[in-house]
Amino acid sequence: MVTSVPRLVIAAPSSGSGKTTVATGLMAAFAARGLAVSPHKVGPDYIDPGYHALATGRVGRNLDAYMCGPELVGPLFVHGARGCDIAVVEGVMGLYDGAAGEGELASTAQVAKLLRAPVVLVVDASSQSRSVAALVHGFVSWDPEVRVGGVILNKVASDRHEEMLREALESVGVPVVGVLRRAPQVDVPSRHLGLVPVAERQGEAVAAVAAMAAQVSEGCDLEALWGLARGAGDLACVGWDAGEALFSSPPPPLPVPSLGAAAPRPPLSALKGPRPQTPDGPGVPGGASEVIVAVAGGAAFTFSYAEHVELLRAAGAEVVVFDPLRDEQLPDGTRGLVIGGGFPEVFGAELSANEPLRKSVAALAGSGAPVAAECAGLLYLGRELDGRPMCGVLDAGARMSDRLTLGYRDAVAVSDSSLAVAGTRMRGHEFHRTVVEPGAGASSAWGVRGAERRVEGFVQRGVHASYLHTHWASAPGVARRFVERCLTS
C-alpha cells in the first residue's frame, strides 16, 4: 500500500518541552482551517490521544514499535490517516529516547524514519539563548536519517529573547517555524499517572485545546508547516494482512465537543493541490453481527486503543460502549465484556456504589462468558479496591501504593484463555500505582519478563485479567478468538 498523506512528527529534546501543547494546538489549528487531521501518538500513552481527538474530531491513535513491531507502524498509520488531508504525530520523551536497553526501538526518531516524515523539534528556550544552537545542532546531526525540518521555540520570554535565539540558530541551517510565549492557559493538570484525561474535565479540556490552537495559530508559520508536511512524499508499506477488513473505509469522525467557531483566517494556499492518495482495500464481509461485546467506557475507563474495537467489529461483533459510573446493567444481549485501563482508584466510591452493575458483571463472568480486563479492569473485577467492594469476580484485593510500576514487558501466555492459547507471545506495557494481592491466580495470565521474571494475572473460566496493557493489532487472532468464545460460551 502507498499513501502520500502530508505528515509531520512533533518531537523535542526531552519530556516537558511542550510537545503536547504544540502537537494538539497544531492539530486544532489545521482542523479549524477545514483540514481533516489524523492524530497520532508515539508510544503506549492513552491520555494525550484524548486531547488529540478533541482537537481533530477523529480518534487518537498510537504508533508503538515495541508493542506492535516496527513492521506495523506504517500500516497502522495508513489505516488511521486514510481519507485525511494531513497527519500530525506527537512524539514520546526525547527524540531519540526509546525502550530501555533496546537502542532506537520505539523512539520518536525510529517512528519518524519508518513514516519517512519530517520532524519539527520543540525546544524549551526558557533558560537559554545562544546555547540553543548547540542543542539543535546536536539533535539534527545525531542521526542523518532523521530529517529535522524546523524548530519551534517554546516559552520565549520577550522580543529580545526571541531575537537572540533566532540569531543563534541562523548558523544551524534549520528554519524557525514558530515562537511561543509562556501561556498558563494552555496548561493541563496532572496527577499520579500524567495528565488528567479529557473525559474527566470536558469543559476545561475544550477551553485548554482552544487556547493551544490560538497560541499555535498566532505563534507558528502554518504555511511553512503545511509545506513541510507536503514534502514528506510517498510512503510505501506492506499490507496489514490480519486487519485488511479495516481498510475498506475511513474511520468515522468522533462526536466530540466543538471548540467553537474559528476566527476568519486566510486559507492555506497549498491546499489547492490534490487530496492525499489513499490505499484501496477489500470490502468488509456482509452480514449482521452475531454477538454483542460490551466495552467499558466513561471517565473511569479511558485507556483503550482504537484498533481493539475495530478488530472486534472486523471479527463480527457488535460493540456497545457502556459507562460503569452510570449504567446499572450491562447492555442487553451482552455475550462478552472488555474492560480496559483507566482510573478506578479515582472513582472507587462511585464504582462501588453502583451495586447493580457490579452484580451484572459478576453474573456474566460466573456464566463463563469471555471477559478481558486490563489494569483498571483487573482492579474492578477484584474483591475490593482500597477497602471498597468491587465486582468480586476475582478473589484478590487492590490498593493504592507509592510505587510507580512502569515499563514495556515481554510476555507469554501461561494458560489457555479467551484471548490466547498457552505459549502465545505478546509484548505489552505496565503503568500503575496500585498493588493487587495476590498478584496471580491458580491459573496465571502471563509470564512476564521485565525488571524481573514473574507470573501475573488471572485466568478463571472465561475471565482473562491482568495488569498488562496489550495492543491487539500485534496479534489480531486475539480479537477473533475472543469473539469465537463469545459465540460458544
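A polar contact here is a pair of N or O atoms within 3.5 Å. Keep that cut-off at hand for the tour of this predicted model.

**Stop 1: the whole chain**

Start with everything shown as a cartoon. The protein has 13 helices and 24 strands. Of its 489 residues, 57% count as buried. Switch on a surface and you are looking at about 19,100 Å² of exposed area, 51% of it supplied by carbon and sulfur atoms. For a sense of how the chain folds back on itself, consider contacts with a separation of 6 or more: residues 24 or more positions apart account for 77% of them.

**Stop 2: T108 and V92**

Now select T108, which lies in helix α4 (residues 108-115). Draw a distance from the side chain of T108 to the backbone nitrogen of V92: a polar atom of that side chain lies 2.8 Å from the nitrogen. Since a polar contact needs the two atoms within 3.5 Å, the 2.8 Å between them falls inside that distance limit.

Is T108 buried or exposed? T108 is buried, because its relative accessible area is 1% and buried means under 20%. Leaving aside neighbours within four places in sequence, show what touches T108: V9, A11, V42, G91, V92, G94, L95 and D97. Keep V42 in view, since it leads to the next stop.

**Stop 3: strand β3 and its partners**

V42 belongs to strand β3 (residues 37-42), so select the whole strand: 6 of its 6 residues are buried, and β3 is therefore largely enclosed by the rest of the structure. Display the side chains and look at the two faces. V37, P39 and K41 point one way, S38, H40 and V42 point the other way, and all are buried. In a regular strand the side chains alternate between the two faces of the sheet.

Next, add the strands that pair with β3. Strand β5 (residues 86-90) runs parallel to it over 5 bridges; click on K41 and you will find its bridge partner in β5, E90. Strand β4 (residues 61-63) also pairs with β3 in the parallel sense, over 3 bridges. Here the residue to click is H40, whose bridge partner in β4 is R61.

Which helix joins β3 and β4 in a β-α-β unit? Select helix α2 (residues 48-56): β3, α2 and β4 make a right-handed unit of this kind.

**Stop 4: helix α1**

Step back along the sequence to helix α1 (residues 19-32). Its 14 residues should span 20 Å at 1.5 Å a residue, and the end C-alpha atoms are indeed 20 Å apart. How many of the residues of α1 are buried? The count is 12 of the 14, so the helix is largely enclosed by the rest of the structure. To colour them, select K19, T20, T21, V22, A23, T24, G25, L26, M27, A28, A29 and F30. Just after α1, check the backbone of G34, which takes a positive phi of about 90 degrees.

**Stop 5: the start of the chain**

Go to V2, in strand β1 (residues 2-3). V2 is partly exposed, at 31% relative accessible area. Its C-alpha atom is separated by 6.5 Å from that of C237, although their positions lie 235 residues apart along the chain.

A second long-range pair awaits at G233, in the loop between α8 (222-230) and β11 (235-236). The C-alpha atoms of G233 and T3 are 8.5 Å apart, with the two residues 230 apart along the chain. Leaving aside neighbours within four places in sequence, G233 is in contact with T3, S4 and R7. At 30% relative accessibility, G233 is partly exposed.

**Stop 6: T405 in strand β18**

Select T405, placed in strand β18 (residues 397-413). With 9% relative accessibility, T405 counts as buried. Its side chain makes a polar contact of 3.2 Å with the side chain of R403. Beyond neighbours within four places in sequence, T405 is in contact with E430, F431 and H432.

**Stop 7: helix α13**

Finish at helix α13 (residues 477-488). Its 12 residues reach 16 Å from first C-alpha to last, close to the 16 Å expected at 1.5 Å a residue. Show V478, A479, R481, F482, V483 and C486, which are buried. What do the buried residues of α13 pack against? Add β12 (291-296), α9 (306-314), β13 (317-322), β14 (334-339), β15 (371-374) and β19 (425-437) to the view to see their packing partners.

How values were computed: Residues numbered from 1 in each chain as written. Predicted model: local features only at pLDDT ≥ 70, side-chain atom pairs only at ≥ 80, totals over all residues. Heavy atoms only, no water. Helix = DSSP H or I, 4+ residues; strand = E, 2+ residues; numbered from the N terminus. Buried < 20%, exposed > 50% of the residue type's maximum accessible area, 1.4 Å probe, protein only. Polar contact = N/O pair within 3.5 Å; in protein donor to acceptor, adjacent residues only side chain to side chain. Contact = heavy atoms within 4.5 Å. Expected span 1.5 Å × (residues − 1). Pairing = 2+ DSSP bridges. Right-handed = clockwise from strand over helix to strand, strands pointing away. Areas by Shrake-Rupley, 256 points an atom, 1.4 Å probe, with all protein chains shown as cover.
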